[in-house]
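Visitor: Please take me through a close look at one part of this model, the packing of its interior, and then show me how the sheet is built.

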Amino acid sequence: MARIAYNAADAAAFKANRHVTEDSLAAWQAAVIRHLDPQPGMRVLDLGSGTGSWARAFTTWLPDAEIVAVEPSAAMRDHSVFAPVLAGDAAHIPLPDGSVDAVWLSTVIHHIPDLPAAAHELRRVLRPGASVLIRSGFAGRPERISLFRYFPEAIAVLDTFPSIADVEAAFGAADFTLVAVEQIPELTATSLGEVVASLRREAHTLLQLIDDDAYAAGLRRLHQAAQVDSGPVIDALDLLVLR
């Protein structure tokens, strides 16, 4: 099971709160195109597509590609801005063998309970030489994620996520090789005041999995910081590329 059994309220919060700005999408677009070498007619799988914002972006970035979205949560599928979305998960991808040219996983790797099984299932659906692109925060790498400045208790949750070494080992058992690791900067918000106004706990696994006292303390830190810090909020998540 995933760490969070997303219900309708969680999915609505995710849809409202976990979007990426246009400037940040441009940075991710450049990274995706650099690593995928897009070809007309290629099929890209968005695995764990959530509310569909990334699948929708891919249709713009790769207009000659077929984008296939797969999401295990019925609530997320119901709130998706991309259609259609297939029901499935990392261990049960509803696609034929050798039918996919690339896979995108965004902030989903920590929800996969059996990484080796997922890696073998991805190997099954991918064509030879195809790429897996994983966007996430990883255990032991909190430094460039601003959330942890105000909710340091959430670092203990992050450290239960897979590490880059864990992903490399699990995928290596399915004959994947880690070929790139890079951090992509994101404009999360124009100011901490914007973060305060829009933050919804239900949208963040890391915040759902700390206790109420820790969450309340983090909110106090965030509100205090927003009174004095007016600059933009820049984060960076890791991109792993495996083939």
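Guide: Leaving aside neighbours within four places in sequence, Phe151 is in contact (heavy atoms within 4.5 Å) with Leu199, Leu207, Ile210, Ala214, Tyr215, Gly218, Leu219, Arg221 and Leu222. The model is predicted, so local features need pLDDT of at least 70 and side-chain atom pairs count only at pLDDT 80 or more, while totals for chains, interfaces and linings use all residues. Residues are numbered from 1 along each chain as its sequence is written, and side-chain values use heavy atoms, with hydrogens and water left out.

Phe151, Phe58 and Trp61 have the most contacts inside the largest nonpolar core, which has 48 residues. Such a core is a set of buried Ala, Val, Leu, Ile, Met, Phe, Trp, Tyr and Cys residues joined through side-chain atoms within 4.5 Å, buried being under 20% relative accessible area, exposed over 50% and partly exposed in between (1.4 Å probe, protein chains only). A second, separate core of 31 residues includes Leu47, Val103, Val125 and Phe138.

Turning to the sheet, seven strands (DSSP runs of E, at least two residues, numbered from the N terminus) form an open sheet with mixed pairing, in the order S3-S2-S1-S4-S5-S7-S6. Pairing requires that DSSP find at least two bridges between two strands; the edge strands, S3 (85-87) and S6 (178-189), each pair on one side only. S6 and S7 (residues 233-242) pair in the antiparallel sense over ten bridges, and Glu186 stands opposite Asp235 in S7.

How values were computed. Helices (H or I, at least four residues) and strands (E, at least two) are DSSP runs, numbered from the N terminus.
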